[in-house]
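User: Could you take a close look at one helix for me and tell me how it sits against the rest of the fold? Keep it casual, but walk me through the reasoning.

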Amino acid sequence: MILSPSLFAADAGRLDEEIAQVEQAGAEYLHIDVMDGMFVPNLSFGPNILSGIRRKSRLFFDVHLMIEKPERFLEPFIREGADGVTVHYEATDALDEIAGICRERGVKFGVALHPRTPVSVIEPWTDVLDILLVMSIEPGFGGQAFMPEAVPRIREAKALRERKNARYLISVDGGVNPETAALCREAGADVLVAGSSVFRAQDRKAALELLRR
Ligand SMILES: O=C(CO)[C@@H](O)[C@H](O)COP(=O)(O)O
Ligand SMILES: [Fe+2]
């Protein structure tokens, strides 16, 4: 299981220490939420923050773009250190272009699905997709409860991968804690994104171990 602590839940006054802690505790990815106040009613990190934290960490930077027309900002996020860029299906008509740029620049191409977007919409891109992000909350805020409807959607994403003989990782984002992590794992998740359950815990290593178990 790949664990991707979500930086949005970290103490913004000491991001480098927070990142070092989860890196030392054995996280594989660092999930970085980018919000534009349009696609979601909130704001978060921009490319300048990515550039700053890139100098402090070797983790895989798993960038989750919750922005309208993400193709406008792909280049700065790649340049500043993203290893994977996940865009929302609902936010763009340019998935082919985005997939092409990701391939050219050697970064993983991810697509996120809002909880009400059918999993089947991704079918035309399954052969170029590296990460399918199944949202298990309404995007825009951390600390929300996991939506149980996500579980059959993870199963559907896995069945689709098998049927299409595709290779994408299935990632789950929102309300992931030790209990809901178990449901996600059983359903077929490969990557667990977890904000509050990691960064609100005193002992990050213990928190990651509980998610992994
Ligand atoms: O993309 C988002 C929110 O839109 C997430 O990545 C959250 O930041 C996850 O936080 P928790 O639900 O784990 O607290
Ligand atoms: Fe996210």
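**A closer look at helix H6**

Analyst: In helix H6 (residues 178-187), Thr180, Ala181 and Cys184 are buried. Bear in mind that this is a predicted model. Those three cover an arc of only 105° around the axis, so they end up on the same side of H6. The general rule behind that: an α-helix has 3.6 residues a turn, so residues three or four places apart point the same way. Flip to the other side of H6 and you find Glu179 and Glu186, which are exposed. If you want the cut-offs, buried here takes 20 or more other C-beta atoms within 10 Å of a residue's own, and exposed takes 12 or fewer.

What do the buried residues of H6 pack against? Two helices, H5 (150-164) and H8 (204-212), plus two strands, E7 (169-173) and E8 (191-194). Just after H6 comes Gly188, with a positive phi of about 120°.

Now for the sheet that E7 and E8 belong to. Eight strands make up this open sheet, with parallel pairing, in the order E1-E8-E7-E6-E5-E4-E3-E2. That puts E8 between E1 and E7. Strand E1 (2-5) is an edge strand, and so is strand E2 (29-35): each pairs on one side only. On average, neighbouring strands of the sheet are turned by 20° against each other, ignoring direction.

Notes: Residues are numbered from 1 along each chain as its sequence is written. Chains are lettered from A and ligands numbered from 1 in the order in which they are written. This is a predicted model: local features need pLDDT of at least 70, side-chain atom pairs count only at pLDDT 80 or more; totals for chains, interfaces and linings use all residues. Two strands pair if DSSP finds at least two bridges between them. Helices (H or I, at least four residues) and strands (E, at least two) are DSSP runs, numbered from the N terminus. Axes are lines fitted to C-alpha atoms, for helices over the stretch in contact, and angles run from 0 to 180 degrees between N-to-C directions. The arc is that of the directions from the helix axis to the C-beta atoms. Two residues are in contact if their C-beta atoms, placed from the backbone, lie within 7 Å.
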